[in-house]
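Trainee: I am new to this structure and would love a close look at one part of it. Could you walk me through the place where the two chains meet?

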Amino acid sequence: MPNGGILASADEILLVLMGSITVFNYLYYRDPVRRDTALIFGGLAVIVVVNWLVGLQFDWVNRLILIVLLTQPYLLLRVGLHLQPIAKRFILYVQGGLLLFAAGVLTINLLSPDALPFLIMMGVYFITAQAIPTILFLRGAQRAKGITRRRLHAIGLGAALFGLNVSMLVGFTIVQLTRNRSLSEFEQLWLSFLSTVSVLCFYVGFAPPRWLWRPFQMSELGRFLNEVGRNVIRQPVEDTITYMAEACLQAVGGTESAIATVSIDTLKVTIQRPNSPITLNIRAQDKNPIRIAWSIGEPAYVYAGQPTQDVPSLRAALGAQAVYIVPICEVNQTWIILLLGLRGGALFVHDDLFLLRLFAGQVATLIENKTLVEKLNGINDYLETRVTQRTLALRKSDEELHQRVNQLTAVNRELEAFSYSVSHDLRAPLRAINGFSQALSEDYGDQLPADAQDYLKRIRAASQRMGHQIDDMLMLSRVTRTEMTVQTVNLSQICQEIIEELTLLEPDRQVTVTIQPDLYAETDKNLVELLLQNLLGNAWKFTSRKDIAQIQVGTLGENPITVYYVRDNGAGFDPQYAEKLFTVFQRLHSAADFEGTGVGLATVQRIVHRHGGRIWAESQPNQGATFCFTLAPEGS
Amino acid sequence: MTTGSLQKILLVEDNDDDYDLTLRAFRKAGLNIRIERARDGSEAIEYFNDPAKSTVLPNVVLLDLNLPRISGHEVLRQIRANPKTRRLPVVILTTSREHEDLTRSYDLGANSCIRKPVDFVEFIETVQTVTAYWLNLNQTPRVI
């Protein structure tokens, strides 16, 4: 090899480096693509090393260099065939040419002028043969996306420059032979430059450094996520998977994609290609790569010639030489498997698997998110439906309630009106009974026997009692009907006035009345007056048999709401009838003992209820009675 | 109670029992009173519009509130609206205990309101007293 100074030594060092890297790569991964790549650069590295060690003084060194260089188009083509198939005749041409010219190099004395036509033919062959993989790579780059595309571009460019380089070398050698002169400095520099750039291109393409590879990959992933993430919520999951399959195909340079699922029960693998309605069922054996990927959730790569079972049928299913198996996993379980078929084979399996793992992980997350969003939407819809249903039901029951209240109010009003008019209208006949009894007694009393006169007297008494009852019922109905005007009322003062009135009616009675001063309540003055009239009137009435009657009015100890009481030491009642006290016309004492219509306490209870309060009574016969009441709702 | 010229009372009352008993009560009290009767509101209004009947106006009108067709209140309103009867003493008789009925009566210009109790004795006494009061008030001063 011509010595071109720093550049020349740089390209030589680079070549040796590339050779070592690719050979080590192949030894590590042992896949056919790396093998062929290692052959290319290993061969080139060998000639550089040989050149370093022995120089060009031996004829066999020159022949070896030429043969290694001659293999380059073929080796590149082999690598390119992993990418995409090519017409057989091109392969035959490259193979045949290689054999022919290698034989020539070994047998012909290349330094003699007679060898010139052979050298020219060899140069033409080399250029055309090198063009085939170059075009293959560049076309592959055209179809590929992302990283693969960039790398294929680099390789294609490298191959083209390499071809150019070797062609020029051959050309210069021919010139050297015919003109009998050595290469100029410029020519040597130019050759070294070309070979350095082509090796750098190969370096970027075949074994890109991490710092270059990472941004490639990240930008690819970013583009994919951006596209998928934007649409994943709106799209059906199937569309996302289809898009992902497409993106993955582009990223790895594949041609066919399919979706595989594994039946959990039968472990049967079902493969469905998106654009074909045909479903393929593969009899899956234990080592079936899809089943393994399914259970461990890790992407895998299978290729022709792999000793694993089921690989041929899998490859046949996709019509591909090699297949990427990409499981997409939910939390703990593989959901589906994406199969990516490559017509040739993968150039950069490790990188592809890394990227596919990222894709699958992201898509799984997106789909999980989508599922969650859908679930949430479902829950939301469900909740909304429930709320709507409940609201409707509530509204309905509210309406029913409202209707019922209206009905009840109407019925109540009717009843009130009825009882009012009944009470009202009953008075007229009573008045007649009473009046005519009196007239009879006055006008014809002397003609009547004593019994008849007594009967007439009883009729009058009875009609008068009935009149009182009617009056009390009217009062009771008025309690319910009248509007309440709530104000601060001095209960102590009202009690005092009532007691004074009672005392005026029966001035001879000895009654000790104790009224707690300054009892105030927020209440309707008329109603509370009626209430106290009834309670004090009862106390007054039921203590009439006592020599020293006692009546107390006050409030009970500490309570959240004020509890008022009216206590007497009168006749009292049997506590088992305490509940009946407040029912209309219920009397616990005979009329002979104590007068009364049985309406008073019912009125009292109604007044208390209208305040939202509570009334209860405690007593023992002859031990007096205590009536307790509140004038506000509990908890107010 | 002394009376000079013949006193006249118009009793507007639909209830025959009440009418009979009232009539009897006045008679028994020995009052020289002529009692004329209207059986309902429209008859009462007709009474005042009929010149033959009302050339001499009654000294007092006893008016039941609870009347068929035209209520006592309406009768009272028309009595007060008529310039001829505007100053006529009107005593309202009612079974109602409703506060509103009473205030409405006074608002419309009733001179007195008497609640009809069941006990007729009590009622008649009240009516007599009130009627006598209004009769006397309408008398020339020398009578009082």
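Mentor: Happy to; here is a walk through the interface, followed by a short look at chain A. Please keep in mind that this is a predicted model.

Let us begin with who takes part. Chain B brings 20 residues to the contact, and chain A brings 23 residues. Together the two chains bury about 1900 Å² between them, with carbon and sulfur atoms giving 49% of that area.

Next come the charged pairs. The interface of chain B and chain A holds 5 salt bridges by the rule used here. In one salt bridge, B:K28 pairs with A:E442, and their closest N and O atoms lie 3.8 Å apart. That distance counts because the rule accepts a side-chain nitrogen of Lys or Arg within 4 Å of a carboxyl oxygen of Asp or Glu. Polar contacts appear as well: 3 residue pairs across the interface, both residues at pLDDT 80 or more.

Now look at the side of chain B that touches chain A. Two helices, α1 (16–28) and α6 (120–138) of chain B, each supply at least two of its residues. The most comes from α1(B), with 6 residues. By kind, this side of chain B has 11 charged, 5 nonpolar and 4 polar residues.

Finally, the partner itself. Chain A has 636 residues, 45% of them buried, and its secondary structure comprises 16 helices and 13 strands. Among contacts in chain A with a separation of 6 or more, 68% join residues 24 or more positions apart. Chain A exposes about 33200 Å², of which 58% comes from carbon and sulfur atoms.

Conventions:
Residues are numbered from 1 along each chain as its sequence is written. Chains are lettered from A and ligands numbered from 1 in the order in which they are written. This is a predicted model: local features need pLDDT of at least 70, side-chain atom pairs count only at pLDDT 80 or more; totals for chains, interfaces and linings use all residues. Side-chain values use heavy atoms; hydrogens and water are left out. Contact means heavy atoms within 4.5 Å. Buried area is the accessible area (1.4 Å probe) that two parts lose on being put together, summed over both. A polar contact is a pair of N or O atoms within 3.5 Å; within protein, one must be able to donate a hydrogen and the other to accept it, and residues adjacent in sequence count only if both atoms are side-chain atoms. Helices (H or I, at least four residues) and strands (E, at least two) are DSSP runs, numbered from the N terminus. Ala, Val, Leu, Ile, Met, Phe, Trp, Tyr, Cys and Pro count as nonpolar, Asp, Glu, Lys and Arg as charged, and the others, Gly among them, as polar. Buried means under 20% relative accessible area, exposed over 50%, partly exposed in between (1.4 Å probe, protein chains only). Accessible areas come from the Shrake-Rupley method with a 1.4 Å probe; for residues, only the protein chains shown count as cover.
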